[in-house]
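Let's take a walk through a protein model together. Keep the 3D view handy and turn it as you read.

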Amino acid sequence: MTSTSGSRRAVGADLERADARAKVAGKAPYAFEHRVENPCYAHAVLSSVPRGRITAVDAEAARREDGVITVLTYENAERLASTEDAELAILQEPEVAFRGQIVAAVIAETPEAARHAASLVRITYATEPHTSELKPDENELYRPESANGGADTDSILGDLDAAMEAAAADPDAVALDETYVTAMTHCNPMEPHATIAVWQGDELTLYDSSQSVHGHRDTLAEVFGLDRGRVHMICPYVGGGFGSKGEPHAHSVLAALAARAVPGRPVKFALTRQQMFTLVGYRTPTYQRVRLAAGADGRLTGIGMDAVEQTARIKEFAEQSANPTRTMYAAQHRRTTHRLARLDVPVPSWMRAPGECPGMFGPEVAMDELAERLGMDPVELRIRNDAPVDPETGKAFSSRNLVACLKEGARRFGWRDRDPRPGVRRDGRWLVGTGVASSAYPVNRVPGSVAAVEYLGGGRYRVDIAAADLGTGAWTVLAQIAADRLDVPLDAVELRIGDTALPKATVAGGSAGTAMWGSAIVAAVRTFRKRHGHDPSPGDHAQAETPGNPHAERFAMHAFGAQFVEVRVDADTGEIRVPRLLGVFAAGRIINPRTARSQLIGGMTMGLSMALHEETVTDPRYGLLVNHDLANYHVTANADVRRIEAHWIDEDDPYVNPLGIKGIGEIGITGTAAAVVNAVRHATGVRVREAPVMLDKVLEGMESGEGAGAGLGERGGT
């Protein structure tokens, strides 16, 4: 390992992941892989109706199968201490709230026996009328009290209606009023959600794939009526989460209920890929009415976004999709709203960059449309509308380098050579186009993390914090931060994470993990040195919490970026390929360029997948998610993109936290889908206002005469 003594520091070094070799060698245990003595296995039975009530359960055939220990239903499962969270109140009542809800479970000696026996359980239902499809014109909509993260439901400044009317009356101005749609999507981490649960008396131990061991522990302790100290959760490695493992879901409760039925024996429970589609959250579909009013010079006089989303009837989740519109561009007149439809559907939840990801799609496609109607370059339009202060609060930005990202991205991408006319550039049968969109993500502050530092002797230190590494590089970057602050070589730091026996860490979410955990480590090292100096004795230790930020009320804090895309669209088939995707970001200080680039590329890839493929399809007749597996739920693969580049500009922001860092796990996904759709418009002349943009939508426009491919069928095309 690289020494941090002398001129070379660990922070800023391009270092290999500390856990990389263990993962490649299969030595890093994920939740289901922890070794426990004499385990048994659970398999869930899911409801086959979207709404109703269980009237009979026939589990006799299942119980007779070899190896079956018991079958749990609402009739014999333990009563939970708290059923306030309806998503977690499983096997408590006969009511069914959505298709795919847990209605029974089999516990057996082998996973094969459990799964087979589960298929033999017969449930009879009395069904009720249901609604499982978001249709804003037909659904009854309501205003939630707040949106995710405590965001205001609505925000109205000035008079947007008047600004739109004035722009519409001015022949040189533009009033744009369009609706944009994003699909329901699912996280699909490679490691399925899994739990091992074991009771020893009234103490519960869980090996659970989690982005927040303390958060999960606290919630499950309440559900089971336990003191928090009696619940121990362990999760050193996570095989992806993307937000779906940020909060506990029904499977963790089921594992603990199953373990209650076999006291002293561990129960292993892993969801199948299909079960994950209804039990661990998803991103709601959205309808976004975007309104832009601009003068002939391109400067916005009004901007607005009204977001419509769905939530489950049994539990509300309001994605803050209108939030980005409040921050991105300057305009005197502003309006943003959120409205929900209560449907008989599974509970939506966090998915990478909740709110910001879908919420950047409509406005950034609308900005492209506005630029086209004004005859203005879309990069220049964004630069002209850069906000000198936060448009929502009037606060100064701690740093705002959106313009720098747009200019540097344009330079690297070769934007100046772009012919702005849509549908004119060809390479054989391929129509070629380029597009741009801005990216943004807030600097979230989640107080409450605690780090501990102990001197082990021999120049070695141990740093403890119950953080989670779901592929983000926490194992690596937290050790880098600790080594620098301790002024010791990186290999002199022993890091421990992912266990509730360690000091509390807040959730690995909101792109706040490294900043919050790292700040706690900085504070703990400072306390340690103040208490023990630079010549400590073995056993000397100290701990500290993430410090408060004295600048939090003075500044608006955000990361920004710009996405540039080249697409190729087959003129005959509408097939879309992306030769190049380039992003430039301003995200504060970069701790490790290798892990940072990986996170940015990962986000951009998910954004590309959102643009081209990802869509969960509902059959509204039965409340069924039709494509609930990776054979039919398509994601971006190598063939879809040739080259992805992630760059950043040097940004010094001393106000965000003691390390000067901003989150990078989510900003890469914001803006990407809009840039792709804008590039498809430039290539084909077809304006698609929905994500994903699939070939049928492109072909429909080309065949109708809208785009460059009009009439291609006459010369042998589709």
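A cavity is a set of grid points where a 1.4 Å probe fits but cannot get out, and its volume is the space filled by probe spheres set on those points. With that in hand, we can look inside this model, which is a predicted one. It holds six cavities of 30 Å³ or more, and the largest has a volume of about 60 Å³. Who lines that largest cavity? You'll find Ser132, Met184, Tyr282, Asp344, Val345, Pro346, Thr618, Gly623 and Leu625 around it. Sort that lining by character and you get five nonpolar residues, three polar and one charged.

Next stop: helix H11, which covers residues 474-486. Let's check its length. At 1.5 Å a residue, its 13 residues should span 18 Å, and the end C-alpha atoms are indeed 18 Å apart, so the two values agree. Is this helix mostly buried or exposed? Of its 13 residues, 12 are buried, so H11 is largely enclosed by the rest of the structure. Among those buried residues are Trp475, Gln480, Asp484 and Leu486. And what does the covering? The cover includes three strands, E22 (450-457), E23 (460-464) and E24 (493-496), along with helices H12 (513-532) and H13 (593-612). Just after H11 comes Asp487, with a positive phi near 60°.

Now hop over to strand E28, residues 576-586. This one is mostly covered too, with 10 of its 11 residues buried. E28 pairs with two strands that we can take in turn. With E27 (residues 558-570) the pairing is antiparallel and runs over nine bridges; look for Phe564, which stands opposite Leu582 of E28. E27 and E28 form a hairpin with five residues between the strands, and there Gly574 takes a positive phi near 80°. With E31 (residues 644-648), E28 runs parallel, and five bridges join the two. To spot that pairing, find Leu581, whose bridge partner in E31 is Ile644.

Last, let's zoom in on a single residue, Glu191. Where does Glu191 sit? Its place is in the loop between strand E11 (174-182) and strand E12 (194-200). Buried means under 20% relative accessible area, and Glu191 has 9% relative accessibility, so it counts as buried. Leaving aside residues up to four places away in sequence, Glu191 touches Tyr30, Ala31, Ser209, Val238, Gly239 and Lys245. Try picking out those contacts of Glu191 in the 3D view.

Conventions. Residues numbered from 1 in each chain as written. Predicted model: local features only at pLDDT ≥ 70, side-chain atom pairs only at ≥ 80, totals over all residues. Heavy atoms only, no water. Helix = DSSP H or I, 4+ residues; strand = E, 2+ residues; numbered from the N terminus. Buried < 20%, exposed > 50% of the residue type's maximum accessible area, 1.4 Å probe, protein only. Contact = heavy atoms within 4.5 Å. Pairing = 2+ DSSP bridges. Expected span 1.5 Å × (residues − 1). 1 Å grid on protein atoms, 1.4 Å probe; cavity = no way out; pocket = protein on both sides within 12 Å on 5 of 7 lines; lining within 4 Å. Nonpolar A, V, L, I, M, F, W, Y, C, P; charged D, E, K, R; others polar.
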